[in-house]
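Visitor: Hi, I'm new to this one. Can you walk me through it?

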Amino acid sequence: MIGHAEKAAPFAANEPRAHWHDQALWFVRLKRDRQAESIPEWEALREAAAAIKAHTLSRIADYLEEFERNAHANGIQVHWARDAAEHNAIVHRILADRGITRLVKSKSMLTEECHLNPYLEARGIEVTDTDLGERIVQLRHEPPSHIVLPAIHLKKEDIGELFHKELGTAKDASDPKYLTEAARAHLRQKFMAAQAGLTGVNFAIAETGGFVVCTNEGNADMGTSLPPVHIACMGFEKIVPRAKDLGVFLRLLARSATGQPVTTYTTHFHGPMRGGELHVVIVDNGRSAILGQETFRRSLSCIRCGACMNTCPVFRRSGGYSYGYIVPGPIGSLLAPLRDPSQFASLPFASSLCGSCSDVCPVRIDLHHELYAFRQKLVENKTVPLFKRMAMAVMTYVLARTWAYSLAGRLMRWTMPRLPRALVYGPWNPWGRQRELPPMPRQSFRDLMKHDLNNEEPK
Amino acid sequence: MSSRVEASGRDAILASLRRNAPPASPLPEAPAAIVYDDPEKQFAETFTSVGGRFVCVASLADIDAKLEKLEPYTQARKVASLIPGVGRTIAGVGRTNVDLAALKDPHELEGLDFAIIAGEFGVAENGAVWVAGSALGPQRAIFVVTQHLALVVPADQIVHNMHQAYDRIRFERPGFGLFISGPSKTADIEQALVIGAHGARSCALFLVG
Amino acid sequence: MPKVGLFIPCYVDQFYPQVGLATLRVLRSLGVEVEFPEEQTCCGQPMANSGCGEYARPLAEKFLKIFGKYDQVVAPSGSCVSMVRNHYAQWLEGWPNFDHLRTNTFELCEYLVDVVRVAKVEGDFPGKVGLHMSCHGLRELRLARSSELMVKPFNKVRFLLSQLQGIELVDLTRPDECCGFGGTFAVNEEAVSCLMGRDRIADHEKSGAEIITGFDASCLMHLEGLIRREKKQLRVMHVAEILERARLS
C-alpha cells in the first residue's frame, strides 16, 4: 500500500520546489495571524464557534427538519441523499429531467467526495468548474491539491503553458493578471451558456431556511444568477441554528482561510430566482456514523477553511497529493480514514503531532489529539502492519524489565561505536539516511548515578 | 430517483442522526465584539485595503460629479443605475442608458460596463456592504455581470461588526441578499493577488452624508 | 520538604547522560530533595505514538508504581511529561496515586518557574542562542504562548535563559515551527522529517545562532544528527546544561 510517506518522499526530495510550496502556504498562515491579531476576542470567537457546532450536532435532526420546513416556505426544493450514489443520482435527475447538458459549478468538496463530475460527464453533461483554481486543475485532468487553494502546487509557468494549450493565450506568457483575464473571458462564455449552476454550501440556516455561499471570484454568484436552475449540495453538518450564528462563523472563516477579513461575496440564498428553481441536496455519506463516534465527532465541525493545511509543517512540505484524498492535511488525515481506514491507514501517521493545526482551527477541533487516537484505532483493528506491532511488542518487553533495558542499552552503546560505518548506516537504518545517530556514551546516566548513590561525585 | 426513495432516504438519515446524537450541550451567544472609536474611518480603511475605492459625499446629488472622476465610469459605454437621480450627468448626456426594466433575461446584462447599486449598511470590521435582493432590481445578476460596480451607502449606516450586522438584517423571504466587500479577486495563480476575477473589476463606494 | 523523583527519559539516560546530570545539579542547587529511582525505564511514548496503546499500558503502570510515591516528579523533557499528564489517564484513571502523579509531574523549566518560583538566574552565558520550542512542551504543557494563539505572550523558558549575562536569544523567522522529530515520525516519514529539521537549522543559522537549545533532548537529538551529518558548526545544548552553569534563586 503506497501511503503518505512514499508519496511525500519525492515531493520533499525536490527541495527548491518543496520550499517554494512551503513558503507559499506559510505566507497564508502569516496573513491569518495578522487578521486574528486584529480581533481582540479571537479566542472567544473560536470557543463560541466550537460550542455552536457541538450544540448543533447534538440536535442536528431537529435543525435539519426546521431548515427543510423553512426552505420549503421559501420555495426551495429539499432533497436527501444517504450516500454518494444517491447524491449523484439526485443531481443528475434534476438536470436530466430538464434536458440540461451544460452545468457550471463553484467549489464543493462534497461533490468531489461523491465524484460527481465524472458521473455527470459519463451521462452527457458538460461540467465546468468555475473557481479559477478548480478550472485550472480541471483542464489539467487532476484533482485539487488544497481545498481552498486548489492550484497551490502549480507555478504560473505551468498555468501559462496550460492556458496556451487550452485557451490560446500567448506562448510563454505567465503573468497572473494576463492569465486571469483570459480565464475571465473563457469562463464568462461558460456562465452565459450554462443551463444550471451548482454550488456548495458554506452554512445553511435552520431558522430561516436559507444558506450562504462565500467566494472571492463571484463565480458562485455568476453561476446561479444567470441560469434559472441552482442546485446546492451540502453535508448535513453545514447547518447552523440561527442567522445570528453566522456572525461568529463569518468572522472566523475568511480570516482563517486566506487571511482576509471577509470574502468579496457572502451570498445568502432564501429562494429561487424569479422564474427559476432552487434545489438543496442534503447528504450523509458516512457522516452520521462519524457523529456516533465520541472521539472523532468533533471533526464534523469543520468549516473547510484550510487553515490546518496552511499551518501544517508536514502538509507544506509534502503537498496535497501525498494524502491521496480530496481533503488533505490534518483534517483530511481524519476524514479519509474515517471513510476508509485500510486505504488511508498511513494518514494519521503523516503527522509529527505538533498541534499547530489544533491551535489554528477556528472551530477548535482537537485535530492532533484525534490523529493520535486514530492511530490506536488502526492498531486495535489491526490495520497497522504486523511487523510494526511486533517491533513495539519487543520494545515493550525490554522496557518493562529494568534489567533488560539496562542490558540492551549497554549492548547498544558498546557495539555501535565498534561497528564499521557502512554497517551502521546501511539501508536498514532509516534514521541514518540523512542524520548521524545520537552519541553512544560509555556510561549512561544510571551508570553515573551509581557513583552518586555511593556518594561519589558523578562525572 | 423517485420521491419514494428520497423520502425513505430522508427518514433513514434523520433516524441515523437521532440514533447517533451526541449528548446535549448549550447554544452559546456570541462573545462581546470589537467596536471602533471611528467606525466610518475603520470601514474606509478596510474597504480600501480589500481593493475598493472609498469616496465621501455630502448628498446623493454630489455623486455624479465624483463619478466623472472615475475612469471606469467615464470609459463606460453601458451604464445602469438602480438609484433614482444617480448616474445622470449634469452635462445632459444621460449616462445611464440601460433600461433594466426592459431586460427580459439576465443574460441581456452582458456588456454592462458600470452599475450603481444601493447598499443598506456597511460593516466596519471587514468593509462589507449589505445589499438586499430588492435593491438589485429585476435582474439580480447585475452586481456580478457588470464590469464595474459602485455602491451607495448612507454614512449613518455603518455598524461595527458582523454581530451587529445580523442583528439588523431582515431576510426577504423568499429572497436574496449578500455582503459585497470590494471588487472580485483571485490569488489562485501562485498566490499573486489579481483584482477582477469573474465579478466586478472595480468597486467604488460612495458614503453619503 | 517535598520529595522529588527525577524522571530521566530513556534516550537521555542512554545518549545524553550529561543532561540528566545537569538537571540533577540544577535541582540540587535550589535545595530540592531529588532522588533518582533507578527502576525507571521509559514512559511508553514510542508505543503510544505508534498507536500501540496496549503496549504502552505496562510501561504506564510501571511508571506509576515507581513514581507514585513522590510528592513531585521532574523531567528534562516536555514530551515525556505530556505523556504522563495528558495520556496516562487512558490506562491509569482511578488507580491509587494516579491523580496526584498526573498533577505533580513537571517539565524542568515549568518546575523552576511555577513550583520553585525561581526569580533570578545569575551568571554568564555569552553567545547567540536559538531557542527551539519543542511542540509537546509548547502546545501540550503550554510552557509558552504558541504563535497561533491570540493570547498574551509568555515564555517560561525564555524567562529563565534571558536573564543570563551576555546571552543573545536570536529572533527566528518561525519561532515555533516543528523540527520534524515527532517520535516514530522521524523514521516513518524520514524524508519530510529531515527536511523539516534542516529548515529549522537554516532558520537558526540565518538568525545568527551559534548554539541551539531546547528543553526536549529528542528534538535536539534529531537536529544534532542533521547538524553533524552536514558538519555544520552549530552546537546543541539542552537548557539544563545552560542553567547548570548559572546561579538560580
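Guide: Sure. One term to start with: a nonpolar core is a set of buried Ala, Val, Leu, Ile, Met, Phe, Trp, Tyr and Cys residues joined through C-beta atoms within 7 Å. Also keep in mind that this is a predicted model.

Visitor: Okay, so how many residues are in the largest nonpolar core?

Guide: It has 288 residues. Those with the most contacts inside it are F249(A), I117(B), L151(B), V152(B) and V74(C).

Visitor: Take V152(B). Which residues is V152(B) in contact with, leaving aside neighbours within four places in sequence?

Guide: Its partners are I63(B), I83(B), V86(B), I116(B), A118(B), G119(B), F206(B) and V208(B). As a general point, nonpolar side chains tend to be buried together in soluble globular proteins.

Visitor: What's chain B built from, in helices and strands?

Guide: Six helices and 11 strands. Its radius of gyration is 21 Å, well over the 17 Å that the globule rule gives for 209 residues, so chain B is more spread out than a compact globule. Along its principal axes, the C-alpha trace spans about 70 × 50 × 40 Å.

Visitor: And what share of chain B counts as buried?

Guide: 48% of its 209 residues. If you take the contacts in chain B with a separation of 6 or more, 72% of them are between residues 24 or more positions apart.

Visitor: How many residues of chain B are in contact with chain A?

Guide: 66 residues of chain B, and they meet 77 residues of chain A. On the chain B side, the elements giving two or more residues include α1 (3–19), α6 (162–168) and β8 (175–180). The largest share comes from α1(B), with nine residues.

Visitor: I clicked on A197(B). Where is A197(B) found?

Guide: In the loop between β10 (194–195) and β11 (202–208) of chain B.

Visitor: Is A197(B) buried or exposed?

Guide: Buried: A197(B) has 28 C-beta neighbours inside 10 Å, and the cut-off for buried is 20 or more. Leaving aside neighbours within four places in sequence, its contacts are found in two chains: L132(A), T180(A), R184(A), N216(A), E217(A) and G218(A), plus S184(B), K185(B) and T186(B).

Visitor: Switching topic: what's the strand order in that open sheet of eight strands?

Guide: β8(A)-β5(A)-β6(A)-β9(A)-β8(B)-β5(B)-β4(B)-β7(B), with mixed pairing. The edge strands are β8 (239–240) of chain A and β7 (158–159) of chain B, each pairing on one side only.

Visitor: How does β4 of chain B run against β7(B)?

Guide: They run parallel, joined by two bridges. G122(B) stands opposite I158(B) there.

Visitor: Now helix α1 of chain A. Which residues in it are buried?

Guide: H4(A), A5(A), A8(A), F11(A) and A12(A). Seen down the axis of α1(A), they fall within an arc of 125 degrees, so they line one face of the helix. That set packs against α2 (15–37) and α15 (313–318) of chain A, together with α11 (185–188) and α12 (190–206) of chain C.

Visitor: Last thing: how is chain C divided?

Guide: Into domain 1 (3–115) and domain 2 (121–248). Their centres, taken over C-alpha atoms, are 21 Å apart. The contact takes 29 residues from domain 1 and 24 from domain 2. On the domain 1 side, α2(C) gives the most, with seven residues.

Methods. Residues numbered from 1 in each chain as written. Chains lettered and ligands numbered in written order. Predicted model: local features only at pLDDT ≥ 70, side-chain atom pairs only at ≥ 80, totals over all residues. Pairing = 2+ DSSP bridges. Helix = DSSP H or I, 4+ residues; strand = E, 2+ residues; numbered from the N terminus. Buried ≥ 20, exposed ≤ 12 C-beta atoms within 10 Å, placed from the backbone. Arc of directions from axis to C-beta. Contact = placed C-beta atoms within 7 Å. Rg over C-alpha atoms; globule rule 2.2 N^0.38 Å. Domains from an automatic or database assignment.
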